Each structure stands twice: as C-alpha cells, then as structure tokens.
Amino acid sequence: MEVRHLDWFEAPHDETLNQLLSEHNMARVTIDTRPIRDLSGDQILAGSVYQSLLEARERKPDVPVVPKRTSDFIFVRYIGHPEIEANNAYLKEWGDYFIPQLRGGADVYMFCHSPNNLAAPWLARKIYSWVENK
C-alpha cells in the first residue's frame, strides 16, 4: 500500500497503519522521489525533453522516505534523476538497506522510473549489481 497524505507519516496514524498492514502481511510501499526533487533550478533542463519531468514532479508525492517493513517483502518505488550518475548515492543507500533485509529472509521489489523510462533498465541493473555482489 502506498500512502501519500502526510498524516500517514505522523503518530498515531503511522503506527496504526503499520500494525494493520503487518497483521495482513501487506507491504507499505516506500516512494523515493528525492532524485527528481534535486532538479529544482536545473537550467540545463529548460526546453529539453525533461521539461515535462519538472511538471510531472509536481504530481508525484513529496513524502518522507522512511522504509517501514510490514510484511515478508519490501516494495520501493524509485523515481530516478535524468542524469544517471546522480542516482549513484541513492541507489547505494537502497542497496545498503536491502542487503540485511534479504539476508533476513525478505523479498525485495524495487520499481524504477526515469524520464521517458530510458534509464529505468540501467537503474534496475545498477541496484541489482550492488546487492548481488554483497
């Protein structure tokens, strides 16, 4: 379940939702929009194909990135930056989180978006290679 209203990240709603999801072995989706939030003021994007990304960013939820495991699997929605290298720190952070979760028996699902989804396969391969080699 992906929640977008900020109240779901505050007590007591946060704890109540997490308990309900845990009771039903349902994952709480973590959406990571930090990479596209970094686009503010990026003049190189003006007039480019990524201009639409700036508009789309406003439609994406700007919620805290606080992974909460409520099931036997983890689900992350990751919206990548159009410059591939700008994703490295975020992907490493996710990889570092996934490794102990996988070792603890959890399944991990990470859905990668990117501008025009051209970088999405690269993002998926990158996170997989970091986790696979640990």
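This short talk covers the nonpolar cores of a predicted model and the packing of two of its helices, α4 and α5.

I will start with the core. The largest nonpolar core has 14 residues. Which of them touch the most other members? They are Val 76, Tyr 78, Leu 91, Trp 94, Phe 98, Met 110 and Ile 127. At least two residues of this core come from each of β2 (73-79), α4 (88-103), β3 (107-113) and α5 (120-132). The biggest contribution is from α4, which gives five residues.

Take Met 110 as an example. Leaving aside residues up to four places away in sequence, Met 110 touches Val 76, Tyr 78, Leu 91, Trp 94, Phe 98 and Ile 127. There is also a second core, separate from this one, with eight residues. Phe 9, Leu 17, Ile 31 and Ile 36 are among them.

Now the helices. Two packed helices are described by the angle between their axes and by the distance between those axes. For α4 and α5, the axes come within 9 Å and cross at roughly 45°. That angle is neither under 35 degrees nor in the range 65 to 115, so the two helices count as oblique to each other. The crossing of α4 past α5 is right-handed.

Which residues meet there? On the α4 side they are Asn 88, Leu 91, Lys 92, Trp 94, Gly 95, Phe 98, Ile 99 and Leu 102. On the α5 side they are Trp 122, Leu 123, Lys 126, Ile 127, Trp 130 and Val 131. By type, the residues of this contact are ten nonpolar, two polar and two charged.

Definitions and conventions
Residues are numbered from 1 along each chain as its sequence is written. This is a predicted model: local features need pLDDT of at least 70, side-chain atom pairs count only at pLDDT 80 or more; totals for chains, interfaces and linings use all residues. Side-chain values use heavy atoms; hydrogens and water are left out. A nonpolar core is a set of buried Ala, Val, Leu, Ile, Met, Phe, Trp, Tyr and Cys residues joined through side-chain atoms within 4.5 Å. Buried means under 20% relative accessible area, exposed over 50%, partly exposed in between (1.4 Å probe, protein chains only). Helices (H or I, at least four residues) and strands (E, at least two) are DSSP runs, numbered from the N terminus. Contact means heavy atoms within 4.5 Å. Axes are lines fitted to C-alpha atoms, for helices over the stretch in contact, and angles run from 0 to 180 degrees between N-to-C directions. Angles under 35 degrees count as roughly parallel, over 145 as roughly antiparallel, 65 to 115 as roughly perpendicular and the rest as oblique. A crossing is left-handed if the near helix is turned anticlockwise from the far one by less than a right angle, and right-handed if clockwise. Ala, Val, Leu, Ile, Met, Phe, Trp, Tyr, Cys and Pro count as nonpolar, Asp, Glu, Lys and Arg as charged, and the others, Gly among them, as polar.
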